[in-house]
Amino acid sequence: MTVSSGALANLSTVMRWGAWSLLLLGVLMSAAAHLRLSSQPPRTAPTPAQAAPASAGAVGRGGFAVLYVAAYVEAGRGTEASLARFFPNMRNISLEAKPGAQHADQLAAVQVKDVSDGYWSVTVAARITASPSARDDESDKEQAKEKEEDETGVLRYFQVPLRSTDGDGFAATTLPAEVGAPEAGDGIELDYGTPVPGDDKDETVTTIARFFSAYLAGAGELDRYLAPRTALDPVSPAPYTQVEVAQLAELNGDYRRNLPASDGARRQLLVDLWAAAPDRQLRPLTYALTLTARDGRWEIAALNAAPVLTKEK
């Protein structure tokens with residue numbers, strides 16, 4: 001098909017005017033939006049949320065202090081540089097102890113206190129054992145007296161003052177100070193009623209016992225005890241050979257045996273178990289459970305992350 005030059009000219013004109021029309025429309029829409037925004041009260045734009053680095057929180061402070069105490073316990077004459085990365089002023093200090101005379105194990109930050117802005121005191125617990133070479137240097141009498149302590153270790157506590165540095169880092173302001181164990185906190189009150197012993201004639205207890213036998217001991221299918229849309233995998237490898245329900249308590253009230261399971265009903269329980277390990281030792285375990293009712297029976301809807309505290313009411 002042949003297109004005349006006149007038709008091409010007309011098409012070119014239409015396209016040109018169309019482009020100008022779109023451009024003009026965009027300007028008008030932008031102006032209208034500007035006027036609409038201007039009529040509203042000014043708002044401060046929120047700062048975009050950013051994931052804070054681990055070192056910016058208590059976990060970071062605690063982790064730094066743990067590494068510092070571990071290095072401090074094992075440091076000695078000639079190894080001062082191993083502490084300088086935690087405590088910059090260590091460059092001016094000389095150690096006298098034999099390197100590696102002690103070893104720190106099972107370290108954990110057990111307390112973090114704010115001293116001032118950007119300045120904290122972290123208490124670290126560490127199980128300290130003497131190295132075999134250090135024990136060999138002791139007299140036979142001292143070895144006999146402290147043999148058991150040396151083999152199992154002694155739980156000791158070190159207080160570490162930390163300040164923040166550029167780049168969300170930390171630096172110790174002194175060497176660690178050995179301190180006594182922090183005071184134990186007050187007792188915790190849970191929002192559950194009086195516990196009742198597990199009764200194998202109670203259908204709810206039977207369901208829970210069979211669920212945990214599948215979950216912890218690998219006995220039977222786990223899914224048959226789970227509510228729809230609840231996904232749980234059994235602990236693998238199974239750490240126990242047998243599980244028994246010791247007692248149960250109900251949230252906000254007394255536990256009721258054989259409570260009718262009306263569809264859609266929910267209940268939250270605190271369950272204490274006895275679990276038998278392969279070595280035949282019994283281990284106590286406690287779980288917070290959410291149950292839902294379906295087709296006349298109770299099913300496990302969730303293993304809750306934590307029991308409900310009284311103050312959460």
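This report walks through a predicted model, from its central helix packing to its sheets, salt bridges and unusual backbone angles.

## Helix 6 and its surroundings

Let us start with helix 6, which covers residues 203-217. Its 15 residues reach 20 Å from the first C-alpha to the last, close to the 21 Å expected at 1.5 Å a residue. At the start of the helix, Asp202 brings a side-chain oxygen to within 3.0 Å of the backbone nitrogen of Thr204. After the helix comes Gly218, which has a positive phi near 65°.

Is helix 6 mostly covered or mostly open? Mostly covered: 12 of its 15 residues are buried. Among them are Val205, Ile208, Phe211, Phe212 and Leu216, together with polar residues such as Thr204, Thr207 and Ser213. The elements that cover these buried residues include strand 7 (242-250), strand 8 (266-276), strand 9 (282-294) and strand 10 (297-303).

## Two nonpolar cores

Nonpolar side chains tend to be buried together in soluble globular proteins. Here, the largest nonpolar core has 30 residues, and Ile208 and Phe212 have the most contacts inside it. Helix 6, strand 7, strand 8, strand 9 and strand 10 each supply at least two residues of this core. Helix 6 gives the largest share, with eight residues.

Which residues does Phe212 contact, once its neighbours within four places in sequence are left aside? They are Ala217, Val243, Leu273, Tyr287, Leu289 and Leu303. A second core, separate from the one above, has 25 residues, including Val69, Ala75, Met90 and Trp120.

## The five-stranded sheet

The strands that cover helix 6 also belong to an open sheet of five strands, in the order 6-7-8-9-10 and with antiparallel pairing. Its edges are strand 6 (196-197) and strand 10, each of which pairs on one side only.

Within this sheet, eight bridges pair strand 7 with strand 8 in the antiparallel sense. One position is handy to look up in the viewer: Val243 has Ala275 in strand 8 as its bridge partner. Val243 is also one of the residues in contact with Phe212.

## The hairpin of strands 1 and 2

Elsewhere, strand 1 (residues 102-116) and strand 2 (residues 119-130) run antiparallel and are joined by 11 bridges. His103 stands opposite Thr129 of strand 2. Two residues lie between the strands of this hairpin, and Gly118 there takes a positive phi near 75°.

Strand 1 also holds Gln106, a residue other than glycine with a positive phi, near 50°. Gln106 is exposed, because its relative accessible area of 54% is over the 50% cut-off.

## Salt bridges

Side chains of opposite charge can pair when their charged atoms come close. How many salt bridges does a search of the whole structure find? It finds eight. One of them joins Arg77 and Glu96, with the closest N and O atoms 3.9 Å apart. This pair links distant parts of the chain, 19 residues apart: Arg77 is in the loop between helix 2 (58-74) and helix 3 (81-84), and Glu96 is in the loop between helix 3 and strand 1. Glu96 counts as exposed, at 60% relative accessibility.

Arg156 and Glu178 form another, with their closest N and O atoms 2.8 Å apart. Arg156 belongs to strand 3 (residues 154-165) and Glu178 to strand 5 (residues 177-179), 22 residues apart. Both count as partly exposed, Arg156 at 22% relative accessibility and Glu178 at 45%. A further salt bridge, 2.8 Å from N to O, joins Glu299 and Arg294. Glu299 is buried at 1% relative accessibility, whereas Arg294 is partly exposed at 30%. These two residues are part of a network of salt bridges with Asp295 and Arg297.

## Backbone details to check

Most residues other than glycine have a negative phi, and most peptide bonds are trans. The loop between helix 6 and strand 7 is a good place to look for exceptions: Arg229 lies there, with a positive phi near 65°. Arg229 counts as exposed, at 84% relative accessibility.

Pro237 lies in the loop between helix 6 and strand 7 too. The peptide bond that joins Ser236 and Pro237 is cis, with omega about -5°.

Key:
Residues are numbered from 1 along each chain as its sequence is written. This is a predicted model: local features need pLDDT of at least 70, side-chain atom pairs count only at pLDDT 80 or more; totals for chains, interfaces and linings use all residues. Side-chain values use heavy atoms; hydrogens and water are left out. Helices (H or I, at least four residues) and strands (E, at least two) are DSSP runs, numbered from the N terminus. The expected span of a helix is 1.5 Å times one less than its number of residues. Buried means under 20% relative accessible area, exposed over 50%, partly exposed in between (1.4 Å probe, protein chains only). Contact means heavy atoms within 4.5 Å. A polar contact is a pair of N or O atoms within 3.5 Å; within protein, one must be able to donate a hydrogen and the other to accept it, and residues adjacent in sequence count only if both atoms are side-chain atoms. Two strands pair if DSSP finds at least two bridges between them. A nonpolar core is a set of buried Ala, Val, Leu, Ile, Met, Phe, Trp, Tyr and Cys residues joined through side-chain atoms within 4.5 Å. A salt bridge is a side-chain nitrogen of Lys or Arg within 4 Å of a carboxyl oxygen of Asp or Glu.
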